[in-house]
Amino acid sequence: MTPRALNIYKEQQEDREREVAVMQDISAWMNGLYVLKAIGCVLSKKASYPEKHMIVGNEHSEELTEDELEEIIDQNTQIAAANFAAWANRANNTDSR
């Protein structure tokens, strides 16, 4: 392979990694929303924990279809799996030293 061809693969991998990082950031931010709501429930009697999911970016308060919910769950599962794999890899590398 030529360096130019290798550079294309490198750029594609960087794009995939950037996309995963963005999804992890969004997931962490959404988890923070739920934690904020839970803490608010403890500190104030006026606050309440959400009865159903809080999907960010949905300007309309329409219900999501089953397919959309499954896609969101699948994406979050992939993020969680990637996070765990990275953690396990780091833990295994640390233990082997």
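**Figure 1. Overview of a chain with two helices and zero strands.** Welcome to this predicted model, which we start with as a whole before moving in on single residues. The chain has 97 residues, and buried ones make up 6% of them. About 8,600 Å² of the chain is exposed, with carbon and sulfur atoms supplying 56% of that area. If we take the contacts with a separation of 6 or more, residues 24 or more positions apart account for 32% of them.

**Figure 2. Close-up of Ser 27, a residue of helix H1.** Helix H1 covers residues 3-43, and Ser 27 is found within it. Is Ser 27 buried or exposed? Its relative accessible area is 15%, and because the cut-off for a buried residue is under 20%, Ser 27 counts as buried. Which residues does Ser 27 contact once its neighbours within four places in sequence are left aside? They are Asn 76 and Ile 79, so have a look at both side by side with Ser 27 in this view.

**Figure 3. Close-up of the salt bridge between Glu 14 and Lys 10.** The structure holds two salt bridges, and here is one of them: the side chains of Glu 14 and Lys 10 meet at 3.1 Å, N to O. The two residues are four apart in helix H1, so about one helical turn separates them. Glu 14 is partly exposed at 33% relative accessibility, and Lys 10 is also partly exposed, with a value of 45%.

**Figure 4. Close-up of the salt bridge between Arg 18 and Asp 15.** In this view the side chains of Arg 18 and Asp 15 come together, with 2.8 Å from N to O. Both residues belong to helix H1, where they sit three residues apart, about one turn of the helix. As for their surroundings, Arg 18 has a relative accessible area of 48% and is partly exposed. Asp 15 is partly exposed too, at 44%.

**Figure 5. Close-up of a nonpolar patch on the surface.** Which residues form this patch? Val 35, Ile 39, Val 42 and Leu 43 do, and together they have about 440 Å² of accessible area. Val 35 makes a handy starting point: this residue is found in helix H1. With a relative accessible area of 47%, Val 35 is partly exposed.

Note on methods:
Residues numbered from 1 in each chain as written. Predicted model: local features only at pLDDT ≥ 70, side-chain atom pairs only at ≥ 80, totals over all residues. Heavy atoms only, no water. Buried < 20%, exposed > 50% of the residue type's maximum accessible area, 1.4 Å probe, protein only. Contact = heavy atoms within 4.5 Å. Areas by Shrake-Rupley, 256 points an atom, 1.4 Å probe, with all protein chains shown as cover. Patch = residues over 30% accessible without salt bridge, like charges linked within 9 Å, V, L, I, M, F, W, Y side chains within 5 Å. Salt bridge = Lys/Arg side-chain N within 4 Å of Asp/Glu carboxyl O.
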